[in-house]
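Reader: I am new to this structure and would like a close look at a single part of it. Please choose one strand, start there, and then work outward.

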Amino acid sequence: MTTTLADVAARARVSPATVSRVLNGNYPVAAATRERVLRAVDELDYVLNGPASSLAAATSDLVGILVNDIADPFFGIMAGAAQSEIGGERGAREKLAVVCNTGGSPERELTYLTLLQRQRAAAVILTGGALEDPGHAAAVAAKLRRLAEAGTRVVLCGRPPVSWPGEGTAAGAGSGGTGAGAGAGPGGPVASAGAGVGSGGPVAGAGAASGGPVAATLTFDNRGGSQRLTEHLLALGHRRVGYIAGPEERTTTRHRLEGHRAALAAVGAAPGPVVHGSYDRRSGYDATLELLRRDPELTAVVAANDTVALGACAALRDRGLAIPGDVSVAGFDDLPFSMDAVPALTTVRLPLCEAGARAGRLAMGKEPVPPGGIATVHGELMVRGSTGRARA
């Protein structure tokens, strides 16, 4: 039976006029009411059922780029590079790229995906690590599948692979997933991108008979990069190493911490204290003070990213400790300011610009997905002045 606007109104406990206002965006509606309406639209597949299904299959010129925090260079670099590839070429239709800032909220992430589905977006790019919550992961996977089946190209830039509902793991390499693609949707393949390397070619998948879209994955090697970074510190004689991790619920956090611990285990070194926090400077500052409280004899601090590492350096200086004479500090990502820090920051370089650009090309169908649906980029260790030999 075809879902109607009245059905959505009943599910959301609002009037049909309110549903129309939310979907058309032509009249202010309270945020809580808007969220309730969009959730009902999603649950009832209102966009994709009946006559709306044929409309949804005709994509618009809109491209959505979802980021956790556009002020964070990690996301800003990827989003900017993707947008540079999204603009129309001579003789082609122009595309409008819209950056959707989720603030790390899973609810906002789903809301933006629903809105982009409603607007029949030509493509959607999701950037950064995923939330490790089974319910949210299933909801995102279902939403991405609906988008793909409606003709939207989907790209995951720097995220782990996605499993489609009712399927095994879609794809994976380097950041924790395994498997292969799931099939072909009417609007082209779903591609997930995390790096700017890998050759083009057809996607290996189960085909249309499997009922799911093709899933191609290009992924950051967060584990391997973190392991090489810690191995560098171990080679300098460090054995009392503190670690500042990101939010516990994020895949990037877990993968980087796993790489760090793998390096320690390989040489039989005892793991040092670990403090979780946000991916920001203040978190790095506070976490470093906590690490020193737990182990005043630390000789090195590994930070979850470069911004956190800057906070760690500030805390050490405020404690009268020299970098790297007393304590070495290392980060991750190689953001633009890392080389200009004093001392310059040892870190792992991820090609964020290349990743974003490739995500944009994949979203626009300008290049094929990699063979087998998977390509992995390995971070490059950048040794600079913030790390040195462990003090005696």
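Author:

**Strand β4 and its surroundings**

In this predicted model, strand β4 (residues 153-157) has 4 of its 5 residues buried, so the strand is largely enclosed by the rest of the structure. Its partner is strand β3 (residues 123-127), and the two pair in the parallel sense over 5 bridges. Within this pairing, Thr127 stands opposite Cys157 in β4. To get from β3 to β4, the chain passes through helix α7 (residues 134-149), and this β-α-β crossover is right-handed. Strands of a sheet are held in pairs by backbone hydrogen bonds, in either a parallel or an antiparallel arrangement.

After β4 comes a loop that leads to β5 (190-193), and Pro161 is found in that loop. Pro161 has a relative accessible area of 16%, which is under the 20% cut-off, so it counts as buried. Its C-alpha atom is separated by 8.1 Å from that of Thr219, although the two residues are 58 positions apart along the chain.

The wider setting is a protein of 392 residues, of which 54% count as buried. It holds 12 helices and 13 strands. Among contacts with a separation of 6 or more, 77% are between residues 24 or more positions apart.

Further along the chain is an open sheet of 4 strands in the order β8-β7-β9-β10, with parallel pairing. Its edge strands are β8 (274-276) and β10 (328-330), each of which pairs on one side only. On average, neighbouring strands of this sheet are turned by 15 degrees against each other, direction ignored. Inside the order, β7 (residues 241-245) and β9 (residues 300-303) pair in the parallel sense over 4 bridges. One of the residues involved is Gly242, whose bridge partner in β9 is Val301. Helix α9 (residues 251-266) packs on the sheet and touches β7, β8 and β9, with a direction at about 170 degrees to that of β7. Helix α8 (residues 222-235) lies across β7, β9 and β10, and runs at about 170 degrees to β9.

The loops on either side of β10 hold some backbone details. Most peptide bonds are trans, and most residues other than glycine have a negative phi. In the loop between α11 (306-318) and β10 lies Pro324, and the peptide bond from Ile323 to Pro324 is cis, with omega near 5 degrees. The loop between β10 and β11 (347-349) contains Pro343; here the bond from Val342 to Pro343 is cis, with omega near -5 degrees.

Asp333 is also found in the loop between β10 and β11. Its phi is near 110 degrees, a positive value in a residue other than glycine. Asp333 has a relative accessible area of 2% and is buried. Asp334 is found in the loop between β10 and β11 too. Phi of Asp334 is near 60 degrees, again a positive value in a residue other than glycine. With a relative accessible area of 18%, Asp334 is buried.

Two side-chain arrangements remain. The structure holds 1 aromatic pair, formed by Phe74 and Phe75 in an edge-to-face arrangement, 5.1 Å centre to centre and with 80 degrees between the planes. Both Phe74 and Phe75 are buried. Elsewhere, the charged end of Arg108 sits over the ring of Tyr112, 4.9 Å from its centre.

Key:
Residues are numbered from 1 along each chain as its sequence is written. This is a predicted model: local features need pLDDT of at least 70, side-chain atom pairs count only at pLDDT 80 or more; totals for chains, interfaces and linings use all residues. Side-chain values use heavy atoms; hydrogens and water are left out. Two strands pair if DSSP finds at least two bridges between them. Axes are lines fitted to C-alpha atoms, for helices over the stretch in contact, and angles run from 0 to 180 degrees between N-to-C directions. Contact means heavy atoms within 4.5 Å. Rings of Phe, Tyr and Trp (its six-membered ring) pair if their centres lie within 6.5 Å; planes under 30 degrees apart count as stacked, over 60 as edge-to-face and the rest as tilted. Buried means under 20% relative accessible area, exposed over 50%, partly exposed in between (1.4 Å probe, protein chains only). A charge sits over a ring if NZ of Lys or CZ of Arg is within 6 Å of the ring centre and within 35 degrees of the ring normal. A crossover is right-handed if, with the strands pointing away from the viewer, the path from the first strand over the helix to the second runs clockwise.
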